[in-house]
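Here is a short tour for someone meeting this structure for the first time. Keep the picture open while you read.

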Amino acid sequence: MYVLLCLRIIKRANEKGEDPLSLSKRFSEEFLYDMAELNCLSPTHEPRVSDHIDQIKDMITKILENGHAYTIEGDVYFSVDTYPDYYCLSGRKSDDNRAGGGGRVLVDTRKHNPADFALWKAAKLGEPSWESPWGPGRPGWHIECSAMSAHHLGDYFDIHGGGKDLMFPHHENEIAQSRSACPQSKVNFWMHNGFVNRDNQKMSKSDNNFFTIRDIITIYHPLALRFFLLRTHYRSDVNYSDKALDTASDRVFYMYQTLHECEIALSPFRSEIFKGQVPADVKEQIEKFHTEYLSSMSDDLHTTTALDDLVDLLKSINGTLKKFKGKKQQQPLILSLLALEKEVKDFLDSLGLLSLSTVSEVLQQLKDKALKRAGFTEEEVQQKIEERNLARKNKEYEKSDLIREELYLKGISLMDEPKGTIWRPSEPPEKKLEKHVDTLIDKPIS
């Protein structure tokens, strides 16, 4: 993760009367908080531009010495005409290129070629600056990433990622300047992720359909958001909708409920040592799942396929639990559950879907989020359950059904168990069913 300085940050800082480096640090800390909530591993290094000014100046000096840049009145520009492989990543043609790196800024008529981009910008009022051989100024946006990645990863590394909108000009410029400073510079794989849309429309503040991670995890569990994102291949655009998050939340609850029931069944036997082999059919199923998982992930990280395949293992756990009676003579079932549980947990852990909280804690967290979305408290749901129980006792079945339907539309399902009625979060039905229930609610109960 890089902490960069760009015009947008500088502009925002000036508007708020805040130091740009302070603002950048604050946003970085907020980002890291969100990533931790989503169960993302912390990066090994978190380089900041302000800590790598010397490395940036050294790289610019090499580019100048190698004849790929020029200076104008304290600015340093990369000369794309000196680099024949420009556009090698994006596949664009020079005619496609608009001035200023995609037409975002006005043309600087001093440049040799409108496509030339800044490596160093002369100091301006209201902007941070550092001393350099070309006069006081600050780094250009693109050179920051090249210098910091070369410093921490070397000139040759495996993966460079970013949004697909960064392919040009940002990543194209990174390649050009890195190879112009060091001809041996190379990245094996460029991985570009798609955009996040909302209800099939591009997110935009001006259209009032913009939201943040913090907004989502206020009402959905972070694991539900992570599951939702993993359900779409990273190169494809993600279409966010409440319906999609409801589905993801329901799937996560199913996974953790299955693991919870498995843990309860196995809890009396955790301290025992069981000899013998996992039944052949279960062993074969696990090996097949594991092999296909590795194959899916090796195929450009196809997490969607892997998550779909997980359902079969969860079904096997539930099927085994139905046969399981908690007796020692059922050793093959215990061995099956232990093996299936381990494979599922290892899989979830590898995708960041295994929480640091206990399984039962995650289930309670999911229920708390479901209550928040439904606009109910635990006590209010229990009261509804008692009202339904009374209605059933009095043979007021229409009223009983209405209470169940009302809760179901809010994403709360009631289940009648031998020990009583319990509830669990569920995926609410399509909106069109709400009109049906509104009619039922308005209808007097005889």
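## Before we start

A residue is called buried when its relative accessible area is under 20%, exposed when over 50%, and partly exposed in between (1.4 Å probe, protein chains only). The areas themselves come from the Shrake-Rupley method with a 1.4 Å probe, and for residues only the protein chains shown count as cover.

This is a predicted model, where local features need pLDDT of at least 70 and side-chain atom pairs count only at pLDDT 80 or more, while totals for chains, interfaces and linings use all residues. Residues are numbered from 1 along each chain as its sequence is written, and side-chain values use heavy atoms, with hydrogens and water left out.

## Salt bridges around R110

Let's begin with charged side chains. In general, those of opposite charge can pair when their charged atoms come close. Here, a salt bridge means a side-chain nitrogen of Lys or Arg within 4 Å of a carboxyl oxygen of Asp or Glu. How many salt bridges does this rule give? The count comes to 23.

R110 is a good one to look up. R110 and E73 meet through their side chains in a salt bridge, 3.0 Å from N to O. E73 sits in the loop between β1 (69-72) and β2, and R110 in the loop between α4 (99-103) and β3, so the pair ties together parts that are 37 residues apart in sequence. R110 also forms a salt bridge with D108, where the closest N and O atoms are 2.8 Å apart. Add D75, and you have a network of salt bridges linking E73, D75, D108 and R110. How covered are these residues? E73 is exposed at 67% relative accessible area, R110 is partly exposed at 27%, and D108 is buried at 19%.

Elsewhere, E18 and R26 form a salt bridge too, with their closest N and O atoms 3.0 Å apart. R26 is partly exposed, at 37%.

## Strands side by side

Helices (H or I, at least four residues) and strands (E, at least two) are DSSP runs, numbered from the N terminus. Two strands pair if DSSP finds at least two bridges between them.

Take strand β3 (residues 117-122). Five of its six residues are buried, so β3 is largely enclosed by the rest of the structure. Strand β2 (residues 75-78) pairs with β3 in the antiparallel sense over three bridges, and F78 has F117 in β3 as its bridge partner. β3 also pairs with strand β4 (residues 137-139), again antiparallel and over three bridges; there, A122 is partnered by G137 in β4.

Now find the open sheet of three strands, ordered β8-β7-β9 with mixed pairing. Why does one side of β8 and of β9 lack a neighbour in the sheet? β8 (201-202) and β9 (238-240) stand at the edges with a single partner strand each, so one side of each is left free of a neighbour there. Strand β7 (residues 196-198) runs parallel to β9 in their pairing, which spans three bridges, and V196 stands opposite V238 in β9.

## Two more arginines

R12 lies in helix α1 (residues 7-16) and is partly exposed, at 32% relative accessibility. R226, by contrast, is found in helix α8 (residues 222-230) and is buried, at 18%. From R226 to K111 there are 115 residues in sequence and 45 Å in space, C-alpha to C-alpha.
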